[in-house]
Amino acid sequence: TEFHPRIAFHNQSTYKELSDEWKRQFNELHEDYFYHRQDELWRKEGMKKLPMLKSASNMLVCAEDLGMIPACVPDVMEET
């Protein structure tokens, strides 16, 4: 069985076996890595790609929630 720390890790038996302190630390690391540490990367990529997509079509651009939305998405959508 593969363990992917992004998708439903709280349901994994290996996570459930951790002590409360290890769970707390893992949760903090997970939150920082997936929701804060990479936010600037996603912002730069969005600012690079979204204007090109918008100029190539007159389609309505929308952001779909596929489970994880970087905090920068609303600003990037508004700025472009």
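This is the transcript of a short group-meeting talk on the predicted model of one protein chain.

Good morning. I shall begin with the overall fold and then turn to helix α2, the largest pocket and a few individual residues. Please bear in mind throughout that the model is predicted.

The chain contains 4 helices and 0 strands, and from the N terminus the order of its elements is α-α-α-α. How does the radius of gyration of the chain stand against the globule rule? The value is 17 Å, well over the 12 Å that the rule gives for 80 residues, so the chain is more spread out than a compact globule. The C-alpha trace, taken along its principal axes, spans about 50 × 25 × 15 Å. Of the 80 residues, 16% count as buried. As for contacts between residues at least 6 apart in sequence, 55% of them join residues at least 24 apart.

Let me move to helix α2, which covers residues 20-37. With 18 residues at 1.5 Å a residue, this helix should span 26 Å, and its end C-alpha atoms lie 24 Å apart, which agrees. Which residues of α2 are buried? They are Lys23, His30 and Phe34. The buried residues of this helix pack against α1, residues 13-16.

Phe26 also belongs to helix α2. Its relative accessible area is 21%, and because buried means under 20%, Phe26 is classed as partly exposed. Phe26 and Tyr15 are 11 residues apart along the chain, and their C-alpha atoms are separated by 9.0 Å.

I now come to the largest pocket, which holds about 660 Å³ of space. It is lined by 22 residues, and those closest to its centre are Gly46, Leu50, Ala63, Val73 and Met77. Two elements, α3 (39-56) and α4 (73-79), give two or more residues each to the lining. Which element provides the largest share of that lining? It is α3, with 6 residues. Sorted by class, the lining comprises 16 nonpolar, 3 polar and 3 charged residues.

Gly46, one of the residues closest to the pocket centre, sits in helix α3. Is Gly46 buried or exposed? It is buried, because its relative accessible area of 19% falls under the 20% cut-off. Setting aside neighbours within four places in sequence, Gly46 is in contact with Pro51 and Val76. By comparison of positions along the chain, Gly46 and Asn11 are 35 residues apart, and 31 Å separates their C-alpha atoms.

The contact with Val76 leads us to helix α4, where Val76 is found. At 6% relative accessibility, Val76 counts as buried. What does Val76 touch, apart from neighbours within four places in sequence? Its contacts are Arg43, Gly46, Met47 and Leu50. Val76 and Gly46 are 30 residues apart in sequence, yet their C-alpha atoms are 6.5 Å apart in space.

Finally, I should like to mention Met68, which is located in the loop between α3 and α4. Its relative accessibility is 26%, so Met68 counts as partly exposed. Met68 and Tyr33 are 35 residues apart in sequence, and the distance between their C-alpha atoms is 12 Å.

To summarise, this predicted model has 4 helices and 0 strands, and the chain is more spread out than a compact globule. Helices α3 and α4 each give two or more residues to the lining of the largest pocket, and Gly46 of α3 is in contact with Val76 of α4. Thank you for your attention.

Technical notes. Residues numbered from 1 in each chain as written. Predicted model: local features only at pLDDT ≥ 70, side-chain atom pairs only at ≥ 80, totals over all residues. Heavy atoms only, no water. Expected span 1.5 Å × (residues − 1). Buried < 20%, exposed > 50% of the residue type's maximum accessible area, 1.4 Å probe, protein only. Contact = heavy atoms within 4.5 Å. 1 Å grid on protein atoms, 1.4 Å probe; cavity = no way out; pocket = protein on both sides within 12 Å on 5 of 7 lines; lining within 4 Å. Points joined across faces, edges and corners; volume = space filled by probe spheres on them. Nonpolar A, V, L, I, M, F, W, Y, C, P; charged D, E, K, R; others polar. Rg over C-alpha atoms; globule rule 2.2 N^0.38 Å.
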